[in-house]
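Reader: I am new to this structure and would love a close look at one part of it. Could you take me to the largest nonpolar core and show me what surrounds that part?

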Amino acid sequence: MRLIQVCSLVSGLARMIQVILKSIPDMANIMILLFAIMLVFSVFGVTLFGSLVPKHFGNLGTALYSLFICVTQDGWINIYNDFETEGLALEIGGALYFFIFITFGAFIFANLLVAVVTTNLEQSMSAYQEEQQLKTNFSSLGSFVGYEDGTDDDYTASQSEAVHIKEILQTTPMVHHQELLSLGTLASLNDTTCEDLCLVLEAISENLKEYQMIRDALDQ
């Protein structure tokens with residue numbers, strides 16, 4: 001439990017653990033596919049080399065263990081040395097067999113596992129950078145609003161320059177940006193527009209009253 005608490009306190013380590021946990025389903029799919037290929041090659045190995053090299057391919061379990069050693073690339077030379085003592089034909093056949101399996105099992109699938117973790121790590125870092133950018137933009141927006149309202153007493157021109165709200169919205173990584181509401185002067189309004197505006201304001205006022213009544217009823 002203490003180890004989990006320590007990992008949660010370090011943000012970088014916590015993100016790495018989240019990436020690994022997120023990669024487990026994809027890694028499991030790759031491991032299942034690798035096991036299926038090992039099973040197929042084990043059947044071929046028992047059929048082709050079972051009677052000649054029974055120590056390593058005498059049955060399906062022994063063949064799977066031998067192929068697992070080949071996947072780890074540690075000790076497969078000792079297995080191949082037993083093929084060399086059985087003649088040139090078996091030596092060449094064993095070389096082709098191990099070359100094909102090690103190429104697929106050790107190199108391709110190992111790189112696939114690394115690619116899954118790397119891809120998820122890049123996505124996590126991209127999401128983290130976007131989150132930090134959003135926090136920075138909203139922080140700049142809060143400083144700008146506080147400066148305009150005169151509520152931020154500690155704000156000085158030497159600390160940072162006021163950022164216009166349009167610039168903040170343009171730099172915010174959102175799919176859609178909401179345009180700012182711009183109104184003309186009141187002198188340009190005619191009688192019909194004023195009446196329509198009054199009706200809209202009256203409807204908004206009625207909706208606010210109904211909303212307040214609903215909130216009061218829920219609070220009770």
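Author: Happy to help; what follows starts with the whole chain, moves into the core, and then visits some residues around the core and elsewhere.

First, a word on what you are looking at. This is a predicted model, with a mean pLDDT of 75 for the protein, and 70% of its residues reach 70 or more. The protein has 8 helices and 0 strands, so if you follow the chain from the N terminus, its elements read α-α-α-α-α-α-α-α. Of its 220 residues, 20% count as buried. The protein exposes about 16,200 Å², and carbon and sulfur atoms supply 63% of that area. Among contacts with a separation of 6 or more, 60% join residues that are 24 or more positions apart.

Now to the core itself. The largest nonpolar core has 24 residues, and the members that touch the most others are Met38, Phe57, Phe83, Tyr97, Phe98 and Phe101. Four helices each supply at least two residues of this core: α2 (11-49), α4 (60-72), α5 (76-84) and α6 (88-149). The largest share, 8 residues, comes from α6.

Phe57 is a good place to pause. Setting aside neighbours within four places in sequence, Phe57 is in contact with Gly45, Val46, Phe49, Gly50, Thr62, Ala63, Ser66, Phe83, Tyr97 and Phe98. Three of these partners, Phe83, Tyr97 and Phe98, are also among the core members that touch the most others.

From Phe57 you can step to Ser66, which sits in helix α4. Ser66 counts as buried because its relative accessibility is 2%, and the cut-off for buried is under 20%. Beyond four places in sequence, Ser66 is in contact with His56, Phe57 and Ile79.

Ile79 leads on to α5, where Ile79, Tyr80 and Phe83 are buried. Viewed down the axis of α5, the buried residues fall within an arc of 95 degrees, so they line one face of the helix.

Between α4 and α5 there is a loop, and Gln73 is found in it. The phi of Gln73 is near 60 degrees, a positive value in a residue other than glycine. With 40% relative accessibility, Gln73 counts as partly exposed.

Next, take a look at Asn120 in helix α6. Asn120 counts as buried, at 7% relative accessibility. Leaving out residues up to four places away in sequence, Asn120 touches Val19, Lys22, Ser23 and Asp26.

The UniProt record adds another way to view this region. In an unreviewed entry, UniProt lists residues 30-50, 57-76 and 96-117 under "transmembrane region". In the model, residues 30-50 are 95% helix and 0% strand, with end C-alpha atoms 28 Å apart. Residues 96-117 are 100% helix and 0% strand, and their end C-alpha atoms lie 31 Å apart.

Finally, here is how confidence varies along the chain. Of the elements, α4 has the highest mean pLDDT, 89, while helix α7 (residues 165-171) has the lowest, 55. Over residues 155-163, pLDDT stays under 50, and the model has 10 contacts beyond four places in sequence for them.

Technical notes
Residues are numbered from 1 along each chain as its sequence is written. This is a predicted model: local features need pLDDT of at least 70, side-chain atom pairs count only at pLDDT 80 or more; totals for chains, interfaces and linings use all residues. Side-chain values use heavy atoms; hydrogens and water are left out. A nonpolar core is a set of buried Ala, Val, Leu, Ile, Met, Phe, Trp, Tyr and Cys residues joined through side-chain atoms within 4.5 Å. Buried means under 20% relative accessible area, exposed over 50%, partly exposed in between (1.4 Å probe, protein chains only). Contact means heavy atoms within 4.5 Å. UniProt positions are given in the numbering used here, feature names are shortened, and annotations may be inferred rather than shown by experiment. pLDDT is the predictor's confidence in each residue, from 0 to 100. The arc is that of the directions from the helix axis to the C-beta atoms. Accessible areas come from the Shrake-Rupley method with a 1.4 Å probe; for residues, only the protein chains shown count as cover.
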